[in-house]
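Q: I'm a first-year student and I'd like a close look at a single part of this protein. Could you walk me through it in plain words?

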Amino acid sequence: MVASTYDDREIVACRVIPNSDLKFGWRSPSGVKETTRTMLGHVPGINADGSYVTGFILGANFPQPPRMQKRGVGNYYCAIDRVNETRADGWRQASPAKYLRGGKRAKTTLVVIDLRLNNEEGNPVGPVMKIARYMRDTTKGRITAADLAALGVEETTAADSDLIYGAEYPVPPEARFTAVSTESKVDTYGTMIDPKKIDTMPAGWALTANGKY
């Protein structure tokens, strides 16, 4: 996990998906009382060593936690597992949580990779991090099913609602396929990839962006 360039007094986070350790992070306004942070389930987004906390996502379009509001206190993001407690304390919901459903769209398919890294035993560490992107059907039709599987790219379904989309951090690595036909025609297309698959990419694929994770 890369070190943050932000001041640890500005970056906070809170749980965003039920029964998950994923944490939505943002730059917190100054002057928020500690009692308010505790009520809303806010935690520091940065560890003492400068790295982000486990399951941290910054600036995502999806998912986003609900916002709660209380007169005389303010309007803030609230951890998904603290909504009932805040309501009992006189807060009201200003906006609901935001989640992105998987599946096909017009001429595109929402695909995902799991951005978790493996430990020394080869097991993924931390909460599942389904980074989602739209892939044009024309591009998907040019990539073989075997290559997609080897790159760790999977299609989503309408049952998927724990998708991370549009995040400033983390960002997945990317790879590109280049083929030259006998007529010297160059064919290229690319996709994000699972970082655990970088060392075993299929023939013809090359890493084009390292990502941030």
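Is Tyr77 buried or exposed, and what is its relative accessible area?

A: Before we dig in, keep in mind that this is a predicted model. Now to your residue: Tyr77 has a relative accessible area of 14%. Buried means under 20%, so Tyr77 counts as buried.

Who keeps Tyr77 company? Let's start with Trp26. The ring centres of Trp26 and Tyr77 are 4.9 Å apart, and the ring planes sit at 65°. An angle over 60 degrees counts as edge-to-face, so that's the label for this pair. Along the chain, the two partners are 51 residues apart: Trp26 belongs to strand E2, while Tyr77 belongs to strand E6, which covers residues 74–77. So the pair links distant parts of the chain. Trp26 is buried as well, with a relative accessible area of 11%.

There's a third ring to add here. Phe24 joins Trp26 and Tyr77 in one aromatic cluster. And Tyr77 has a charged neighbour too: Arg67 lies over the face of the Tyr77 ring, 4.5 Å from its centre.

Let's follow Trp26 back to its strand. E2 spans residues 23–27 and pairs with E1, residues 11–15, in the antiparallel sense, over five bridges. One of those pairings puts Arg15 opposite Lys23, its bridge partner in E2. Zoom out a little, and you'll find E1 and E2 in an open sheet of four strands, ordered E3-E1-E2-E4, with mixed pairing. The edges of this sheet are E3 (43–44) and E4 (56–58), each of which pairs on one side only.

Now look at the loop between E1 and E2, where Asn19 lies. Asn19 has a phi near 60°, which is positive even though the residue isn't a glycine. That's worth a second glance, because most residues other than glycine have a negative phi. At 86% relative accessibility, Asn19 counts as exposed.

Charged side chains turn up around here as well. Arg15 makes a salt bridge with Asp21, and the closest N and O atoms are 3.0 Å apart. Arg15 is partly exposed at 33% relative accessibility, and Asp21 is partly exposed too, at 26%. This bridge belongs to a network of salt bridges that links Arg15, Asp21, Lys23 and Asp81. So Lys23 comes up twice: as the bridge partner of Arg15 in the strand pairing, and as a member of the salt-bridge network.

One more stop lies in the loop between E4, an edge strand of our sheet, and strand E5 (67–70): that's where you'll find Pro63. The peptide bond joining Phe62 and Pro63 is cis, with omega at about -5°. Most peptide bonds are trans. The model has another cis bond, from Tyr169 to Pro170, with omega near 0°. Pro170 sits in the loop between strand E12 (163–164) and E13.

How does our patch fit into the whole structure? The Trp26 and Tyr77 pair is one of ten aromatic pairs. For another example, take Phe177 and Tyr189, which are stacked: their centres are 5.1 Å apart, with 20° between the planes. Phe177 lies in strand E13 (residues 174–180) and Tyr189 in strand E14 (residues 186–192), so this pair ties together parts that are twelve residues apart in sequence. Both of these rings belong to buried residues.

The same goes for salt bridges: the bridge between Arg15 and Asp21 is one of twelve found in the whole structure. Another one joins Arg142 and Asp187, with 2.1 Å from N to O. Arg142 is in helix H3 and Asp187 in strand E14, so this bridge ties together parts that are 45 residues apart in sequence. Arg142 is partly exposed at 36%, and Asp187 is partly exposed at 28%.

To pull it back to where you started: Tyr77 is a buried residue whose ring meets Trp26 edge-to-face, shares a cluster with Phe24 and Trp26, and has Arg67 over its face.

Notes:
Residues numbered from 1 in each chain as written. Predicted model: local features only at pLDDT ≥ 70, side-chain atom pairs only at ≥ 80, totals over all residues. Heavy atoms only, no water. Pairing = 2+ DSSP bridges. Helix = DSSP H or I, 4+ residues; strand = E, 2+ residues; numbered from the N terminus. Phe/Tyr/Trp six-rings, centres within 6.5 Å; stacked < 30°, edge-to-face > 60°. Buried < 20%, exposed > 50% of the residue type's maximum accessible area, 1.4 Å probe, protein only. Lys NZ or Arg CZ within 6 Å of the ring centre and 35° of its normal. Salt bridge = Lys/Arg side-chain N within 4 Å of Asp/Glu carboxyl O.
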